[in-house]
Amino acid sequence: MIDQAAFFDDAPENYEAHSARSLLDQLLLDSQLYKQSTSYQELLDFVVRLRNFAPFNAMLLQIQKPGLRFAASRYDWWERFKRRPKEGARPLLILWPFGPVALVYDLLDTDGDDPLPQDVASCFFAEGEIDARRVTAILARLDRKHIRCTLVDAGDAKAGQIRIVARPTEKTGPTNYGIQVNQNHHPATQFATVAHELAHLFLGHLGQDAKLKIAARAKLTHEQEELEAESVAYIVCQRNGVKPKSESYLSKFVNEKMTADDLEVYAIMRAADRVESLLDLAAHMRIPRTGHRNQKEQKHNLPG
């Protein structure tokens, strides 16, 4: 057996590596990060993608701010992109040779007028006549419908997610849901995110909900679910003055073998209607409950 004390005395750099590894192990244990295989795969993909950082530092960045797509030092942001960190922006820590740590900033925490290169520009983008006040009102409305929305500090690649928080204790009771929305995104993008996550709910991707009259559907692939949900978000956004970058998002899930037959168009249209109604966006034509106009209206509209 190796004498660890002697080993680290002889090799200080090995002791530093051991300390860093112990701290990271404790961080992962305490935060319960990457317990699922999909989360772990996301970590690996992130480390592969962020090639301007050493793998260990890329992992540190992902732990500090899941969903981060691009980060750079204050100096690099200005020299390469003519951008500066926003006032009060929270720096992220990485290990630095010949020094304890260095500070870097997420793309969403910087400001600048110059256009960004395609590989740096935001992967989620939407524009339209919607402000933070309206988004706040929408989130409050959802909260009253047993859908709790929380704004979270996340990187650009994490727009949001929806999950079941609590099942009903009674057969006719409501299921409680939770939606996370990236607080760093523009209000129009946040609106598109809410529409997308609600689409997952009304498309039955989270399972049956008797209270909301959501039927169980056959299990779909991840690609099919994302295509359906983004199709709903595209419809809801475009009909309400918001232009999302849906084609860029959808391109990740479309392959040459996929056709319209892989999507259930009726379910998509029905879900879009449910999302609009829930958000009080619908302005559909109204028809009298009896299905008949009164005698005066009929006489007035008779031909001739």
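**Exercise 1. Identify which residues Glu225 touches, leaving aside residues up to four places away in sequence, and decide whether Glu225 is buried or exposed.**

Solution. Apart from residues up to four places away in sequence, the contacts of Glu225 are His200, His205, Lys219 and Leu220. The model examined here is a predicted one. Glu225 belongs to helix H8. Its relative accessible area is 13%. Buried means under 20%, so Glu225 is buried.

**Exercise 2. Check whether the length of helix H8 agrees with its number of residues, and list its buried residues.**

Solution. Step one: helix H8 covers residues 222-239, which is 18 residues. Step two: at 1.5 Å a residue, the expected span is 26 Å. Step three: the C-alpha atoms at the two ends of H8 lie 26 Å apart, so the expected and computed spans agree.

The buried residues of H8 are Gln224, Glu225, Glu226, Leu227, Glu228, Ala229, Glu230, Ser231, Val232, Ala233, Val236 and Cys237. Cys237 has 0% relative accessibility and therefore counts as buried. After H8 comes Gly241, which has a positive phi near 80°.

**Exercise 3. Describe how H8 packs against helix H10.**

Solution. Begin with the geometry: the axes of H8 and H10 (residues 265-278) are 9 Å apart, at an angle of about 50°. Because of this angle, H8 is oblique to H10. The crossing is right-handed.

Next, consider the residues that meet. H8 contributes Glu228, Ser231, Val232, Ile235, Val236 and Arg239. On the H10 side stand Ile268, Met269, Ala271, Ala272, Val275 and Glu276. An α-helix has 3.6 residues a turn, so residues three or four places apart point the same way.

Finally, consider Arg270, which is also found in H10. Arg270 is separated from Val232 by 38 residues in sequence, and their C-alpha atoms are 9.0 Å apart. With a relative accessible area of 43%, Arg270 is partly exposed.

**Exercise 4. Classify the packing of helices H6 and H7.**

Solution. The axes of H6 (residues 132-143) and H7 (residues 187-202) come within 9 Å and cross at roughly 25°. Angles under 35 degrees count as roughly parallel, and H6 and H7 are therefore roughly parallel to each other. Their crossing is left-handed. The contact involves Ala132, Val135, Ile138, Leu139 and Leu142 from H6, together with Pro187, Gln190, Phe191, Val194 and Leu198 from H7.

**Exercise 5. Examine the positive phi values of His146 and Lys213.**

Solution. Most residues other than glycine have a negative phi. His146 has a positive phi, near 70°, and is placed in the loop between H6 and strand S7 (147-152). At 37% relative accessibility, His146 counts as partly exposed. Lys213 likewise has a positive phi, near 60°, and lies in the loop between H7 and H8. At 73% relative accessibility, Lys213 counts as exposed.

**Exercise 6. State how many disulfides the model contains, and characterise the protein as a whole.**

Solution. A disulfide is a covalent bond between the sulfur atoms of two cysteines. With a cut-off of 2.5 Å between cysteine sulfur atoms, the count comes to zero disulfides. Cys149, at 13% relative accessibility, counts as buried.

For the whole protein, there are 11 helices and 10 strands. Of its 304 residues, 38% are buried. Among contacts with a separation of 6 or more, 69% are between residues 24 or more positions apart.

Conventions:
Residues are numbered from 1 along each chain as its sequence is written. This is a predicted model: local features need pLDDT of at least 70, side-chain atom pairs count only at pLDDT 80 or more; totals for chains, interfaces and linings use all residues. Side-chain values use heavy atoms; hydrogens and water are left out. Helices (H or I, at least four residues) and strands (E, at least two) are DSSP runs, numbered from the N terminus. The expected span of a helix is 1.5 Å times one less than its number of residues. Buried means under 20% relative accessible area, exposed over 50%, partly exposed in between (1.4 Å probe, protein chains only). Axes are lines fitted to C-alpha atoms, for helices over the stretch in contact, and angles run from 0 to 180 degrees between N-to-C directions. Angles under 35 degrees count as roughly parallel, over 145 as roughly antiparallel, 65 to 115 as roughly perpendicular and the rest as oblique. A crossing is left-handed if the near helix is turned anticlockwise from the far one by less than a right angle, and right-handed if clockwise. Contact means heavy atoms within 4.5 Å.
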